[in-house]
Amino acid sequence: MYIAMNRFRIALGKEKTFIQIWCDRETYLEEVPGFRSFNLLQGPTHEDHTLFASHTVWESKSAFEKWTKSDAFKKAHANASPNKDIYLGPPVFEGFEAVV
Ligand code: HEM
């Protein structure tokens, strides 16, 4: 099992806008081989931002890597821009291999 997470720092007051982007998105994950589950997680609010993470579970690291090179990935990110004023910076990616 492999878990891929992307952390987003969202400007205060823009949390609902960010959540709405994810609610309105066209998703193609269900058809992707090796995909297991997706959640958008809301974390703590700090002085200047609220932390969110997109969290996906995959059968294997290679299934995840294939998705990142696929048209489904490109289509999912056609409207995703790190330059919008809701982001404090680019997202930070972390991938975890399940070892136990
Ligand atoms: C390693 C790189 C990345 C991973 C693993 C990742 C992961 C994901 C996943 C799992 C989805 C949902 C796709 C679907 O439902 O079909 C998604 C969509 C999205 N991603 Fe990423 N992403 C990456 C890079 C980025 C970057 C650089 C941004 C810049 C802001 C971004 C912003 C978004 C947004 C806003 C959406 C919602 C879709 C929309 O805009 O309609 N992602 N991403």
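This report walks through a predicted model of a protein with a bound ligand, from the iron atom outwards.

**Around the ligand**

A good place to start is the metal. The iron atom of the ligand has a single donor from the protein: atom NE2 of His77, 2.0 Å away. If you want to find His77 in the picture, look in the loop that runs between helix H3 (71-76) and strand E4 (92-97).

How many residues surround the ligand? There are 20, and the closest are Asn6, Arg25, Thr27, Tyr28 and His77. Three of these names come up again when we look at polar atoms. The table lists how far a polar side-chain atom of each residue lies from an atom of the ligand.

| Residue | Ligand atom | Distance |
|---|---|---|
| Arg25 | oxygen | 2.7 Å |
| Thr27 | oxygen | 2.6 Å |
| His77 | nitrogen | 2.8 Å |

Arg25 has another partner too. Arg25 lies over the face of Phe38, at 4.4 Å from the ring centre. That brings us to the rings.

**Aromatic pairs**

The count of aromatic pairs in this model comes to 14. One of them is formed by Tyr2 and Phe64, whose ring centres are 5.5 Å apart and whose planes meet at 35 degrees, making the pair tilted. This pair links distant parts of the chain: Tyr2 belongs to strand E1 (residues 2-11), Phe64 belongs to helix H2 (residues 61-68), and 62 residues separate them. Are these two residues buried or exposed? Tyr2 is buried, with a relative accessible area of 5%, and Phe64 is buried as well, at 9%.

A second pair worth finding is Phe8 with Trp22. The ring centres of Phe8 and Trp22 are 6.0 Å apart, and the pair is edge-to-face because the planes stand at 70 degrees, which is over the limit of 60 degrees for that class. Phe8 lies in strand E1 and Trp22 in helix H1 (residues 15-24), so this pair ties together parts that are 14 residues apart in sequence. Phe8 counts as buried at 8% relative accessibility, and Trp22 counts as buried at 18%. Why does Trp22 still count as buried at 18%? Buried means under 20% relative accessible area, and the value of 18% for Trp22 meets that rule.

Rings can also gather in groups. Tyr2, Phe35, Trp58, Phe64, Trp67, Phe73 and Phe93 form one aromatic cluster. Notice that Tyr2 and Phe64, the tilted pair from above, are both members of this cluster.

**Phe8 and Ser54**

Let us stay with Phe8 a little longer. Leaving aside its neighbours within four places in sequence, Phe8 is in contact with Phe18, Trp22, Thr50, Leu51, Phe52, Ser54, Tyr87 and Pro91. Its C-alpha atom is separated by 13 Å from that of Asp48, a residue 40 places away along the chain.

Ser54, one of the contacts of Phe8, is found in strand E3. At 12% relative accessibility, Ser54 counts as buried. With neighbours up to four places in sequence set aside, Ser54 is in contact with Ala4, Met5, Asn6, Phe8, Trp22, Phe38, Asn39 and Leu40. Some of these names should be familiar: Asn6 is among the residues closest to the ligand, and Phe38 is the ring that Arg25 lies over.

**His49 and Glu15**

Where does His49 sit? His49 is found in strand E3 (residues 49-58). At 11% relative accessibility, His49 counts as buried. The side chain of His49 makes a polar contact of 2.9 Å with the side chain of Asp48. Beyond residues up to four places away in sequence, His49 touches Arg9, Ile10, Leu12, Pro44 and Leu88.

Glu15 lies in helix H1 and counts as buried at 16% relative accessibility. From C-alpha to C-alpha, Glu15 and His49 are 9.0 Å apart in space, with their positions 34 residues apart in sequence. The side chain of Glu15 reaches the backbone nitrogen of Gly13 at 2.9 Å. Not counting neighbours within four places in sequence, Glu15 is in contact with Ile10, Gln42, Thr50 and Phe52. Ile10 is also on the list of residues that His49 touches.

Methods:
Residues are numbered from 1 along each chain as its sequence is written. This is a predicted model: local features need pLDDT of at least 70, side-chain atom pairs count only at pLDDT 80 or more; totals for chains, interfaces and linings use all residues. Side-chain values use heavy atoms; hydrogens and water are left out. Donors are N, O and S atoms within 2.8 Å of the metal (3.2 Å for Na, K and Ca); water is not among the atoms, so sites may look incomplete. Helices (H or I, at least four residues) and strands (E, at least two) are DSSP runs, numbered from the N terminus. Buried means under 20% relative accessible area, exposed over 50%, partly exposed in between (1.4 Å probe, protein chains only). A polar contact is a pair of N or O atoms within 3.5 Å; within protein, one must be able to donate a hydrogen and the other to accept it, and residues adjacent in sequence count only if both atoms are side-chain atoms. Contact means heavy atoms within 4.5 Å. Rings of Phe, Tyr and Trp (its six-membered ring) pair if their centres lie within 6.5 Å; planes under 30 degrees apart count as stacked, over 60 as edge-to-face and the rest as tilted. A charge sits over a ring if NZ of Lys or CZ of Arg is within 6 Å of the ring centre and within 35 degrees of the ring normal. A residue is near a molecule or strand if one of its heavy atoms lies within 4 Å of it.
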